[in-house]
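Thanks for coming. I will take us through one protein chain today, a few places at a time. Please have the sequence and the structure open.

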Amino acid sequence: MSTILHLDASARSTDSTSRKLSRTLLQGLQNDGDQVIYQDLAEGLPLVTETMIGAYYSPAAERTVDQREIITVSEALVDQLEAADTIVIGLPMYNFSVPASFKAWIDLVARVGRTFRYTDSGPVGLLEGKRAFIAVATGGVAVGSEADFLTPYVRFVLGFIGITDVTFITADQLNAKGDESVESARAQIEGILGEAA
């Protein structure tokens with residue numbers, strides 16, 4: 001039995017290619033008895049504030065009631081990540097990079113002492129041994145092109161917190177390729193599920 005964390009970031013609740021692909025992938029990966037934790041990032045997450053940063057850097061035992069309360073969401077999101085064996089993310093490209101909702105999630109889970117730590121040789125991620133699958137949908141940008149700031153950022157930031165086994169499923173240039181791009185992404189998913197079988 002494993003735990004799968006499923007995140008969606010598209011502002012579209014319907015007709016979202018990234019949501020459809022992440023759901024298809026999740027259904028293929030999920031086995032009987034697996035636990036799925038779902039988080040719709042588009043429903044809104046708090047942005048990091050000075051007070052939150054102060055709470056992050058305060059020892060847990062010394063945090064005030066207000067400090068503990070203001071980082072409740074961050075603590076819950078980190079708990080979800082720690083519990084997960086596999087992370088499935090539906091991620092559209094907005095203006096060449098990630099949606100603000102996903103960036104807010106990153107800012108809430110990239111926590112010193114929780115998901116990474118500083119060492120004499122630099123930061124080290126603490127969430128090793130997990131795998132992540134990212135279903136990316138773009139309107140006009142080719143994934144891997146010079147205008148793609150999404151995939152290198154996501155790969156780097158997940159690696160920063162220790163998640164280095166990252167696979168992208170791409171339905172890119174949907175405005176031009178449409179169904180062809182979606183079918184390509186579905187074939188990529190079938191390939192992943194075939195390897196996992």
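In which loop is Ser10 found? Ser10 sits in the loop between strand 1, residues 3-8, and helix 1, residues 17-29. Before I go on, please keep in mind that this is a predicted model.

Now, is Ser10 buried or exposed? Its relative accessible area is 3%, so Ser10 is buried. Buried here means under 20% relative accessible area. Look at what surrounds Ser10. Leaving aside neighbours within four places in sequence, Ser10 is in contact with Ser16, Ser18, Arg19, Ala42, Gly90, Pro92 and Tyr94. The side chain of Ser10 also reaches the backbone nitrogen of Arg12, at 3.0 Å. Ser10 can also be compared with Val98: the two are 88 residues apart in sequence, and their C-alpha atoms are 9.7 Å apart in space.

Next, another serine. Ser22 lies in helix 1. Its relative accessible area is 0%, so Ser22 is buried. A polar atom of the Ser22 side chain lies 3.1 Å from the backbone oxygen of Arg19. Which residues does Ser22 touch, once neighbours within four places in sequence are left aside? They are His6, Asp8, Val88, Ile89, Gly90 and Ala135.

On to the core. Nonpolar side chains in soluble globular proteins tend to be buried together. In this model, the largest nonpolar core has 38 residues, and Phe102, Trp105 and Ile134 have the most contacts inside it. Eight stretches may be worth finding on your screen: strand 1, helix 2 at 50-56, helix 4 at 72-83, strand 3, helix 5, strand 6, helix 6 and strand 7 each give two or more residues to this core. Which element gives the largest share? Helix 5 does, with six residues.

Let us stay with helix 5. Seven of its 10 residues are buried, and the helix is mostly covered. The buried ones are Ser101, Phe102, Ala104, Trp105, Ile106, Leu108 and Val109. What do they pack against? The partners are strand 1, helix 2, helix 4, strand 3 and helix 6. Take Phe102 as one of these residues. Without its neighbours within four places in sequence, Phe102 is in contact with Ala9, Leu41, Ile89, Leu91 and Val154. There is also a second, separate core of 16 residues, and among its members are Ile4, Leu21, Val88 and Phe133.

Past helix 5 comes a threonine to look at. Thr115 lies in the loop between helix 5 and strand 4, residues 116-119. Its relative accessibility is 0%, so Thr115 counts as buried. With neighbours within four places in sequence left aside, its contacts are Val78, Val109, Ala110, Gly125, Leu126, Leu127 and Ile161.

Now helix 6, residues 150-160. Leu150, Thr151, Val154, Val157 and Leu158 are buried in this helix. Why do they lie on the same side of helix 6? Because they cover an arc of only 140 degrees around the axis. As a reminder, an α-helix has 3.6 residues a turn, so residues three or four places apart point the same way. The buried residues of helix 6 pack against strand 3 at 86-92, helix 5 at 100-109, strand 6 at 131-137 and strand 7 at 165-171. Just after helix 6, Gly162 takes a positive phi of about 105 degrees.

Positive phi also turns up in residues other than glycine. Asn95 has a phi near 50 degrees, and Asn95 lies in the loop between strand 3 and helix 5. At 71% relative accessibility, Asn95 counts as exposed. Gln173 has a phi near 55 degrees, and its place is the loop between strand 7 and helix 7. At 22% relative accessibility, Gln173 counts as partly exposed.

Last, the empty space. The largest pocket has a volume of about 230 Å³. Which of its 14 lining residues are closest to the centre? Those are Arg12, Thr17, Pro92, Ala137 and Leu174. Helix 1 and helix 7, residues 174-177, each supply at least two residues of the lining. Two of these names came up earlier, with Ser10: its side chain reaches the backbone nitrogen of Arg12, and Ser10 is in contact with Pro92. That is where I will stop.

Key. Residues are numbered from 1 along each chain as its sequence is written. This is a predicted model: local features need pLDDT of at least 70, side-chain atom pairs count only at pLDDT 80 or more; totals for chains, interfaces and linings use all residues. Side-chain values use heavy atoms; hydrogens and water are left out. Buried means under 20% relative accessible area, exposed over 50%, partly exposed in between (1.4 Å probe, protein chains only). Helices (H or I, at least four residues) and strands (E, at least two) are DSSP runs, numbered from the N terminus. The arc is that of the directions from the helix axis to the C-beta atoms. Contact means heavy atoms within 4.5 Å. A polar contact is a pair of N or O atoms within 3.5 Å; within protein, one must be able to donate a hydrogen and the other to accept it, and residues adjacent in sequence count only if both atoms are side-chain atoms. A nonpolar core is a set of buried Ala, Val, Leu, Ile, Met, Phe, Trp, Tyr and Cys residues joined through side-chain atoms within 4.5 Å. On a 1 Å grid over the protein atoms alone, a cavity is a set of points where a 1.4 Å probe fits but cannot get out, and a pocket is an open set with protein on both sides within 12 Å along at least five of seven lines; lining residues have an atom within 4 Å of a point. Grid points are joined across faces, edges and corners, and a volume is the space filled by probe spheres set on the points.
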